[in-house]
Amino acid sequence: MTAKIQFGKCVLCVVVYIVVCLILVKTKTSFLTRSKTFLVHKSKGDKCGGSIVNESQSVDLEIKRVEYDELKDLTVDSQVTDCELFVGALILHFMSCDADNNVQENAVLLQRVVETCSKYNLSNPIARKHFLYSPRHRALYCWIRKSASTSFTKIFSDMRNHQVTHNYYKEAEVLAPETSQVLEALINDVNVFKFFVVRHPFERLVSFYRDRIEDNSKYTAQAWIYAPKIFYLTRPNLFHSNKTTGGLLKKIFTNDRRLKLIPSFKEFITWLLRESPERDDPHWALYHSHCSVCEANFNFLLKLEHKDPSEINYVFSKLNLNQSETYLPILGQTRNGVTDFTRTCGYFKSLSHDIVYKLYERYKVDFEMFNYDFDQYVECAKTDV
């Protein structure tokens with residue numbers, strides 16, 4: 001009889017564990033937002049869920065552990081059965097596996113970067129002004145415009161106790177490593193946390209266009225510099241001046257240098273496809289060349305589309321920041337909302353399939369290196385006539 005009871009308890013334990021796991025999967029987001037304590041420790045090649053990350057990879061395999069409110073205060077006394085302890089241990093293992101998997105996924109992404117560098121034999125000079133450094137936090141960050149660069153510039157300014165006035169774009173010189181030799185030493189220092197942030201290349205292009213060209217409620221250097229160049233290709237008649245129509249600048253700009261005539265997104269892309277990547281503005285430069293990813297030995301790659309709080313918390317932990325006191329500010333938000341797939345698809349409806357394919361070819365290495373999808377944007381474009 002005792003054996004049957006014991007067997008029944010074990011069966012019940014297995015059932016309870018399965019139910020708890022299902023609940024955890026469904027409520028993962030809720031748990032993450034209620035978590036209060038973030039623990040970090042070095043991975044020694046722990047197995048989790050049947051997989052293991054090779055310690056020889058040149059990737060910082062730090063494991064994030066999340067301690068949830070519901071389990072933080074759990075105490076064990078004589079009234080807790082071995083079966084209950086077993087279920088509790090499995091729950092903790094389940095959560096640690098989830099944290100491990102996030103880091104392992106990043107290791108896979110970085111390995112993909114290495115493989116793409118090798119495949120195309122890529123090598124780019126390292127530009128000192130493309131990096132921000134905090135000596136006290138031993139952290140190095142490569143900024144990429146339209147990929148949360150303003151927010152992270154604000155954070156690095158705070159870490160350096162540097163007061164920013166209003167233009168975060170001008171902080172690169174102040175926050176960059178002092179010399180190219182210092183930057184090279186930091187890149188080769190395994191104790192320096194090196195990271196960068198990317199987003200889908202097409203969404204970034206649309207975000208740039210909306211913020212720096214289409215939004216003519218403000219003056220932007222990019223509109224002032226590139227609008228005439230775009231029109232020279234797409235609207236050559238504007239350059240035939242006479243006493244009636246006035247000069248070119250008066251046709252395109254208001255007296256306070258805001259755009260009077262706005263190039264369409266199709267016009268911008270048509271012009272961009274004629275330009276050499278070597279002359280790219282930082283707002284649309286190729287990721288792999290701007291950040292010299294094949295030379296910089298990055299530890300972490302944050303993809304903006306993931307929107308996973310645990311990844312941001314991991315970066316914060318590596319920067320030795322107090323998550324309760326430091327946050328990513330929302331700065332310079334694009335007018336009329338964020339640029340996501342739906343909004344990007346709307347702009348791509350003005351492009352032909354042929355143009356989208358050419359645009360993909362221009363950014364092909366970035367698409368492949370950072371594992372971004374392309375086909376869905378072709379479906380947004382209009383059918384070629």
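Reader: In which sense do strand S5 (residues 193-198) and S6 pair, and over how many bridges?
Author: The model is predicted: local features need pLDDT of at least 70, side-chain atom pairs count only at pLDDT 80 or more, and totals for chains, interfaces and linings use all residues. Residues are numbered from 1 along each chain as its sequence is written, and side-chain values use heavy atoms, without hydrogens or water. Strands are DSSP runs of E with at least two residues, helices are runs of H or I with at least four, and both are numbered from the N terminus; two strands pair if DSSP finds at least two bridges between them. For S5 and S6 the sense is parallel, and the bridges number four.

Reader: Which residue in S6 stands opposite Phe-196?
Author: Phe-195 in the model faces Phe-300 of S6. Opposite Phe-196 stands Leu-301.

Reader: Which strands stand at the edges of the sheet?
Author: The sheet is open, has mixed pairing and follows the order S3-S4-S5-S6. Each edge strand has a single partner, so one side of it is left without a neighbour in the sheet; these strands are S3 (131-134) and S6 (300-303).

Reader: At about what angle to S4 does helix H7 run?
Author: Angles run from 0 to 180 degrees between N-to-C directions, with axes as lines fitted to C-alpha atoms, for helices over the stretch in contact; contact means heavy atoms within 4.5 Å. Helix H5 (residues 149-159) lies across S3, S4, S5 and S6, at about 30° to S3. Helix H7 (residues 180-187) lies across S3, S4 and S5, and its angle to S4 is about 110°.

Reader: Which residues of S6 are buried on the side opposite Phe-300 and Leu-302?
Author: Buried means under 20% relative accessible area, exposed over 50%, and partly exposed in between, with a 1.4 Å probe and protein chains only. Both faces of S6 are covered, with Phe-300 and Leu-302 buried on one side and, on the other, Leu-301 and Lys-303.

Reader: Within what arc do the buried residues of H14 fall?
Author: In helix H14 (residues 341-348), the buried residues include Thr-344, Cys-345, Tyr-347 and Phe-348. The arc is that of the directions from the helix axis to the C-beta atoms. The buried residues line one face of the helix, because seen down its axis they fall within 160°.

Reader: At roughly what angle do the axes of H8 and H9 cross?
Author: Phe-208, Arg-212 and Ile-213 in H8 meet Ala-221, Gln-222 and Ala-223 in H9. The axes of H8 and helix H9 (residues 221-234) come within 8 Å, and the crossing angle is roughly 95°.
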